[in-house]
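This report goes through selected packing features of one chain. The sequence and structure come first, and the notes follow.

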Amino acid sequence: MLVKEEMFKPILEVSDGFRPIWNEFLEEWKDDDELPQYLALGDLARYISKLISESRDEELKSIFAVIERWHLEGDSYVKEAATIGMLEGLQNINVVGEGIPEKVELYLLPESKKWWEKVYEFWEEGKTISE
């Protein structure tokens, strides 16, 4: 099971490009007792947007495989963060820019796609995000 404290480890294993961003995040929050993971998910969303703009498909596929693992293998915090922190951020054009959410959909795997739709339905139709 993937737990909160280890959730970024698989991302760092597949994305060398995100490592400097993660290290900067760790440095910024080193004096806090608990890392604000949701802020790091925002950083990851912006990084994914950059990868999409640069058409770096292999790295994107690897990152989205980890996001799928978060949904399938994560504890309750990781699953929620994958949906509310990650997918919601990727749908937010204020975070990732115009046109990026539509391109993100091409990389989503089945469980992530299911939650992507639930987030969309929440914002567009007011439906509750739940199993």
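## Charges over rings

A charge sits over a ring if NZ of Lys or CZ of Arg is within 6 Å of the ring centre and within 35 degrees of the ring normal. In this predicted model, the charged end of Lys118 is placed over the ring of Trp115, at 5.5 Å from the ring centre. The charged end of Lys4 likewise sits over a ring, that of Tyr77, with 4.6 Å to the centre.

## Aromatic pairs

There are seven aromatic pairs in the structure. One of them joins Phe8 and Trp70, whose ring centres are 5.8 Å apart and whose planes meet at 70°, so the pair is edge-to-face. Phe8 belongs to the segment before helix 1 (9-14) and Trp70 to helix 4 (residues 57-73), so this pair ties together parts that are 62 residues apart in sequence. Phe8 and Trp70 are both buried.

Phe18 and Tyr47 form a tilted pair, because their ring centres lie 5.9 Å apart and their planes stand at 55°. This pair also links distant parts of the chain: Phe18 is in the loop between helix 1 and helix 2 (19-28), Tyr47 is in helix 3 (residues 37-53), and the two are 29 residues apart. Phe18 has a relative accessible area of 0% and is therefore buried. Tyr47, at 5% relative accessibility, counts as buried too. One aromatic cluster takes in the residues of both pairs; its members are Phe8, Phe18, Trp22, Phe25, Tyr47 and Trp70.

## Helix 3

Helix 3 consists of 17 residues and spans 24 Å from its first C-alpha to its last, close to the 24 Å expected at 1.5 Å a residue. Its buried residues are Gln37, Ala40, Leu41, Gly42, Leu44, Ala45, Tyr47, Ile48, Ser49, Leu51 and Ile52. These buried residues pack against helix 1, helix 2, helix 4, helix 5 (76-91), helix 6 (93-96) and helix 7 (100-104).

Ser55 follows just after helix 3 and takes a positive phi of about 55°. This is a positive value in a residue other than glycine. Ser55 is located in the loop between helix 3 and helix 4. With a relative accessible area of 52%, Ser55 is exposed, because the cut-off for that class is over 50%.

## The nonpolar core

The largest nonpolar core contains 35 residues, and those with the most contacts inside it are Phe8, Leu44, Ile48, Phe64, Trp70, Met86 and Leu90. Helix 1, helix 2, helix 3, helix 4, helix 5, helix 7 and helix 8 are the elements that give two or more residues to this core. Helix 3 supplies the largest share, eight residues.

Phe64, one of the residues with the most contacts inside the core, touches Ile48, Leu90, Val104, Tyr107, Leu108 and Leu109, leaving aside residues up to four places away in sequence.

## Glu59 and Ser15

Glu59 is part of helix 4. Its relative accessibility is 13%, so Glu59 counts as buried. The side chains of Glu59 and Tyr47 are joined by a polar contact of 2.7 Å. Not counting residues up to four places away in sequence, Glu59 touches Val14, Ser15, Asp16, Gly17, Tyr47 and Leu51.

Ser15 is in the loop between helix 1 and helix 2. Its relative accessible area is 0%, and Ser15 is therefore buried. With residues up to four places away in sequence not counted, Ser15 touches Tyr47, Glu59 and Ile63. Tyr47 is thus among the contacts of Glu59 and also among those of Ser15.

## Ser112 and His71

Ser112 lies in helix 8 (residues 110-125). Ser112 counts as buried because its relative accessibility is 1%, where the cut-off is under 20%.

What joins the side chains of Ser112 and His71? A polar contact of 3.2 Å does so. The two residues are 41 residues apart in sequence, while their C-alpha atoms are 6.6 Å apart in space. Ser112 touches Ile67, Glu68, His71 and Leu87, not counting residues up to four places away in sequence.

Methods
Residues are numbered from 1 along each chain as its sequence is written. This is a predicted model: local features need pLDDT of at least 70, side-chain atom pairs count only at pLDDT 80 or more; totals for chains, interfaces and linings use all residues. Side-chain values use heavy atoms; hydrogens and water are left out. Helices (H or I, at least four residues) and strands (E, at least two) are DSSP runs, numbered from the N terminus. Buried means under 20% relative accessible area, exposed over 50%, partly exposed in between (1.4 Å probe, protein chains only). Contact means heavy atoms within 4.5 Å. A polar contact is a pair of N or O atoms within 3.5 Å; within protein, one must be able to donate a hydrogen and the other to accept it, and residues adjacent in sequence count only if both atoms are side-chain atoms. Rings of Phe, Tyr and Trp (its six-membered ring) pair if their centres lie within 6.5 Å; planes under 30 degrees apart count as stacked, over 60 as edge-to-face and the rest as tilted. The expected span of a helix is 1.5 Å times one less than its number of residues. A nonpolar core is a set of buried Ala, Val, Leu, Ile, Met, Phe, Trp, Tyr and Cys residues joined through side-chain atoms within 4.5 Å.
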